[in-house]
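Colleague: Please take me closely through one part of this model, beginning with a single side chain and working outward to whatever surrounds it. I would like one connected account rather than a list.

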Amino acid sequence: MTQISRFIGEVVPVAQRVTGDGDESAAPEGGGGFADYAFVSLHCLRIYLDTSYRMTIDLLKEMPQIIGEIGLEAADLPHPSTLCKAFDEMSMSVCRVLLRQSAQLHDPSKHGAIDATFYERSAASRHYCQRTSYRVQKLKVTKLVDTDTQAILDVHCSTNREGSDADLCAQIARRNAGDLLSLAADKGYDKKALREALRNLDIRPLIKHRIFATYDHAHNARIDDDRYNQRSMTETVNSAVKRSLGFAVRARSWYREFREIALMCVVYNIKRAVKQ
């Protein structure tokens, strides 16, 4: 079995659990539409193949075994514009549940690390940028990573650099409070309010104090060095995602870019799971 076969074999059950329409036919029947899990699976394949909508459909027409795993035949494949429209209708909440489900394939250890990276938004032509006042060139993406399995647990996207990284970290921690025992981050997340927020969530903060006084050395000495040093796993994961799935987003509008990043994380988790 090829790697792409194993990949789609994991994607389809996850998509069916999330969308709740696994009993429906993937292809339109009797004037109906495609099942939601079919669209989710096709979009994951698009991210996996790192191609455009049109090229994705063209490639899948030559892969009957792969689309057969979804429950489709070559004649059933949607038009590229239909696939594009379906991406508009996919909510970010569905993408987050997909990400959570894909992370569970790795049996996370509940010890996380967090860090931010940037993705290029400048893949558009210069003419397009001028016509639509497309000014922001980078997308800030903050990922929460399980340090033992290197699975991505959560992701946050932003088109600006305003606000504190520590406040953003607290927001992500609240969403994952029941799934974390500790959270490691570098000194950019050093903020007393963040440490207090994490402790209130029963999460042990592994964030080094900046040295302003002698007692700061004592605070840092109490940190578990082995767990703290695992924060570098976020950089490893960011590098792996960019090398395998690209360092730029194809979408043009911010909400589509957010969904694309979330699906990239889903695809990364599932690719990593089928390799194990």
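Modeller: A polar contact is a pair of N or O atoms within 3.5 Å, and within protein one of them must be able to donate a hydrogen and the other to accept it. With that cut-off in hand, and keeping in mind that this is a predicted model, I would begin at H43, which belongs to helix 2, the helix of residues 36-49. The side chain of H43 comes to 3.1 Å from the backbone oxygen of L83. H43 counts as buried because its relative accessibility is 0%, the limit for that class being under 20%. When its neighbours within four places in sequence are set aside, the contacts of H43 are with Y53, L83, A86, F87, M90 and L263, so L83, whose backbone oxygen the side chain reaches, appears in that list as well.

L263 leads on to helix 13, which spans residues 254-275, and from there to the sheet. The sheet is open and has five strands in the order 3-2-1-4-5, with mixed pairing. Its edges are strand 3 (152-158) and strand 5 (204-207), each of which pairs on one side only, and from one strand to the next the twist averages 25°.

Within the sheet, strand 1 (residues 111-120) and strand 2 (residues 138-146) run antiparallel and are joined by nine bridges. E120 stands opposite K138 of strand 2, while I114 has L144 of strand 2 as its bridge partner. Strand 2 and strand 3 also run antiparallel, here with six bridges between them, and V145 is paired with I152 of strand 3. These two strands make a hairpin with five residues between them, and Q150, in the turn, has a positive phi of about 65°. Strand 2 is mostly covered, with eight of its nine residues buried.

Turning to the helices against this part of the sheet, helix 12 (residues 233-245) lies across strand 1, strand 2 and strand 3, at about 40° to strand 1. Helix 13 packs on the sheet and touches strand 1, strand 2 and strand 3, with its direction at about 160° to that of strand 3.

One residue of helix 13 shows the packing in detail: apart from neighbours within four places in sequence, I261 is in contact with Y119, L139, V141, V155, C157 and V249. In soluble globular proteins, nonpolar side chains tend to be buried together. Here the largest nonpolar core has 59 residues, and I70, L72 and I261 have the most contacts inside it. Helix 13 gives the most to this core, with 11 residues. Apart from it lies another core of 18 residues, including L168, C169, A173 and L180.

For the setting as a whole, the chain comes to 13 helices and five strands, and 49% of its 276 residues count as buried. Among contacts with a separation of 6 or more, 65% are between residues 24 or more positions apart. The chain exposes about 13,400 Å², of which carbon and sulfur atoms supply 47%.

Terms used. Residues are numbered from 1 along each chain as its sequence is written. This is a predicted model: local features need pLDDT of at least 70, side-chain atom pairs count only at pLDDT 80 or more; totals for chains, interfaces and linings use all residues. Side-chain values use heavy atoms; hydrogens and water are left out. Two strands pair if DSSP finds at least two bridges between them. Helices (H or I, at least four residues) and strands (E, at least two) are DSSP runs, numbered from the N terminus. Axes are lines fitted to C-alpha atoms, for helices over the stretch in contact, and angles run from 0 to 180 degrees between N-to-C directions. Contact means heavy atoms within 4.5 Å. Buried means under 20% relative accessible area, exposed over 50%, partly exposed in between (1.4 Å probe, protein chains only). A nonpolar core is a set of buried Ala, Val, Leu, Ile, Met, Phe, Trp, Tyr and Cys residues joined through side-chain atoms within 4.5 Å. Accessible areas come from the Shrake-Rupley method with a 1.4 Å probe; for residues, only the protein chains shown count as cover.
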